[in-house]
Amino acid sequence: MNEKDVVILAEKFVNESPYNYIAQEVAIQPRYVGMRIYNTPIFAFGSVNDELYDKYKSDEVIGSHFLSPMEWLPTAKTVISFFLPYSEKINIANSENNQWPADEWLHGRYEGQQMLIELLNHIVKNLSDIGFLSIAPANDSRYKVGNTEENIKFTSNWSERHIAYACGLGTFGLSKGIITKSGMSGRLGSILTELNLPKNHRDYNDTYEYCTMCGACIVRCPVQAISFTNGKNSSLCSDFLDRVLEKHNLRYGCGKCQVGVPCESEIPR
């Protein structure tokens, strides 16, 4: 299996899996039945020995709790990172106002999470079945997000955004999301595998190289959690997400800073 096989495997699953379409029994309204969640994913392949992983362990980036690829899977040869762009219907619906997330976005975030898990498991199983041990850290029992220490409250021991940056998938934006060639409105995933695949070259040198600092995400944020001077205030963002969770009964998400902006579905000019 080569990198093209991995991409084809994922594309086929995304197009055909029932998890990528809203089922009648979970639809918030009948008009959402059959709605597609994700468009075609894009991939990048990185080295498990990238020097960035040591830098991620510094307190200025993530912290010592970050686990490098080799700490997750000592026999790993490749880091696979991918981006799943949300469908146009989800993006359009969520860009209509700056108050509460659209129902379509809530479906994308909630049912879309299950689809993301299924895709990760599908790729991992196919790689493992042909003899290459593979894991998805985000699905691993060792995966942890934050703890009681304030300085790592909003970080995890495996950051999909930082992995995407290291693999060459894209750079950060002012809202702290990752801007890829397919934009930033969507979800990220990653896999560690023993399969040795050709590595992508990072076509950027700066953390925010793809971001034009236009400030559109500042205007879009319903709680003014983003600014030019301080970037994204994770506490304000998290508090709003808690309110969304309470209002919509287990459904969560916002995504206002990812839609109606120049980087929604492409690298802004």
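A nonpolar core is a set of buried Ala, Val, Leu, Ile, Met, Phe, Trp, Tyr and Cys residues joined through side-chain atoms within 4.5 Å. The model on your screen is predicted, and the tour begins with such a core.

Select Tyr 53, Tyr 56 and Leu 192, the residues with the most contacts inside the largest nonpolar core, which has 44 residues. To see what surrounds them, colour β1 (42–47), α2 (52–56), β2 (78–85), α6 (160–167), β5 (178–179), β6 (186–193), α7 (216–220) and α8 (234–247), each of which supplies at least two residues of this core. Among these elements, α6 gives the most, with five residues.

Next, keep Leu 192 selected and display its contacts, which, leaving aside residues up to four places away in sequence, include Pro 69, Trp 72, Leu 73, Val 79, Leu 133, Ile 135 and Trp 158. A second core, separate from the one just visited, has 31 residues, and you can find it by selecting Val 6, Val 14, Phe 43 and Leu 119, which are included in it.

Now turn to the surface and select Tyr 110, Leu 245 and Leu 250, which together make a nonpolar patch of about 260 Å². Leu 245 lies in helix α8, and because its relative accessibility is 35%, Leu 245 counts as partly exposed.

Finally, select the cysteines Cys 167, Cys 237 and Cys 254. The structure holds zero disulfides; Cys 237 is in none, and the nearest cysteine sulfur to it, that of Cys 254, is 6.6 Å away. Cys 167, for its part, counts as buried because its relative accessibility is 1%.

Notes: Residues numbered from 1 in each chain as written. Predicted model: local features only at pLDDT ≥ 70, side-chain atom pairs only at ≥ 80, totals over all residues. Heavy atoms only, no water. Buried < 20%, exposed > 50% of the residue type's maximum accessible area, 1.4 Å probe, protein only. Helix = DSSP H or I, 4+ residues; strand = E, 2+ residues; numbered from the N terminus. Contact = heavy atoms within 4.5 Å. Patch = residues over 30% accessible without salt bridge, like charges linked within 9 Å, V, L, I, M, F, W, Y side chains within 5 Å. Areas by Shrake-Rupley, 256 points an atom, 1.4 Å probe, with all protein chains shown as cover. Salt bridge = Lys/Arg side-chain N within 4 Å of Asp/Glu carboxyl O. Disulfide = S-S within 2.5 Å.
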